[in-house]
Amino acid sequence: MPLLCFKNRKYWWVNHRQTYRQELEGEYLWSPKKNQNGAKNASYDNMIHVMPGDVVLSFADAAIRAVGVAA
């Protein structure tokens, strides 16, 4: 298998709450588009900036539970 070089790799910290297990098992990231009060949230907006090769640190239940690479 050839090594892939991701020149502009970024690192993302994701705080998971209720959907952590589903996201981990399904190998996806999910977030609402707005807060409960309808306001925009910069963290939610950043989801569209995750690119293939980026590293995602998944934090849940007071610990880093997974480290993944975006496909």
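**A three-stranded sheet and its surroundings in a predicted model**

A nonpolar surface patch of about 330 Å² is made by Trp-13, Ile-64 and Val-67. Of these residues, Ile-64 is found in strand β3, and its relative accessible area of 44% places it in the partly exposed class, because that class covers values between the 20% limit for buried residues and the 50% limit for exposed ones. The model described here is a predicted one, and the paragraphs below proceed from the chain as a whole to the sheet, and then to individual loop residues and side-chain contacts.

The protein chain contains 2 helices and 3 strands, which, when read along the sequence, follow the pattern β-α-α-β-β. Along its principal axes, the C-alpha trace of the protein chain spans about 45 × 25 × 20 Å. Of the 71 residues in the protein chain, 18% are buried.

The strands are arranged in an open sheet of 3 strands, in which the order is β1-β2-β3 and the pairing is mixed. Strand β1, which covers residues 11-15, and strand β3 stand at the edges of this sheet, and each has a single partner strand, so that one side of each is left without a neighbour in the sheet. On average, and with direction ignored, neighbouring strands of this sheet are turned by 20° against each other. Strands of a sheet pair through backbone hydrogen bonds, and this pairing may be either parallel or antiparallel.

In the present sheet, β1 and β2 pair in the parallel sense, over 5 bridges, whereas β2 (residues 55-60) and β3 (residues 63-69) pair in the antiparallel sense, over 6 bridges. Particular residues illustrate the register of both pairings. Between β1 and β2, Val-14 has Ser-58 as its bridge partner, and Asn-15 stands opposite Phe-59. On the antiparallel side, the bridge partner of Ser-58 in β3 is Ala-66, while Phe-59 stands opposite Ile-64. Ser-58 in β2 is thus a bridge partner of Val-14 and also of Ala-66 in β3. In a similar manner, Phe-59 stands opposite Asn-15 and opposite Ile-64, the latter being a member of the nonpolar surface patch that also includes Trp-13 and Val-67.

Strands β2 and β3 form a hairpin with 2 residues between them, and in its turn Asp-61 has a positive phi of about 55°. Ala-62, which is found in the loop between β2 and β3, likewise has a positive phi, of about 65°, although it is not a glycine. With a relative accessible area of 68%, Ala-62 is exposed, because its value lies over the limit of 50%.

A positive phi also occurs at Glu-27, a residue other than glycine, where the angle is near 55°. Glu-27 has its place in the loop between α1 (20-26) and α2 (42-45), and it is exposed, with a relative accessible area of 74%. The C-alpha atoms of Glu-27 and Ala-70 are separated by 9.4 Å, although the two residues lie 43 residues apart along the chain.

The loop between β1 and α1 contains His-16, and this residue, in contrast to the exposed Glu-27, is buried, with a relative accessible area of 10%. The side chain of His-16 is joined to that of Glu-23 by a polar contact of 3.5 Å.

Contacts between charged side chains were also examined. In general terms, side chains of opposite charge can pair when their charged atoms come close. In this model the count comes to 1 salt bridge, and in it the side chains of Asp-45 and Lys-40 meet at a distance of 3.9 Å, from N to O. This pair qualifies because the distance falls within the 4 Å allowed between a side-chain nitrogen of Lys or Arg and a carboxyl oxygen of Asp or Glu. The two participants fall into separate accessibility classes: Asp-45 is partly exposed, with a relative accessible area of 30%, whereas Lys-40 is exposed, with a relative accessible area of 61%.

Technical notes. Residues are numbered from 1 along each chain as its sequence is written. This is a predicted model: local features need pLDDT of at least 70, side-chain atom pairs count only at pLDDT 80 or more; totals for chains, interfaces and linings use all residues. Side-chain values use heavy atoms; hydrogens and water are left out. Two strands pair if DSSP finds at least two bridges between them. Helices (H or I, at least four residues) and strands (E, at least two) are DSSP runs, numbered from the N terminus. Buried means under 20% relative accessible area, exposed over 50%, partly exposed in between (1.4 Å probe, protein chains only). Axes are lines fitted to C-alpha atoms, for helices over the stretch in contact, and angles run from 0 to 180 degrees between N-to-C directions. Patches are made of residues with over 30% relative accessible area and no salt bridge: like charges are joined within 9 Å, nonpolar side chains (Val, Leu, Ile, Met, Phe, Trp, Tyr) within 5 Å. Accessible areas come from the Shrake-Rupley method with a 1.4 Å probe; for residues, only the protein chains shown count as cover. A polar contact is a pair of N or O atoms within 3.5 Å; within protein, one must be able to donate a hydrogen and the other to accept it, and residues adjacent in sequence count only if both atoms are side-chain atoms.
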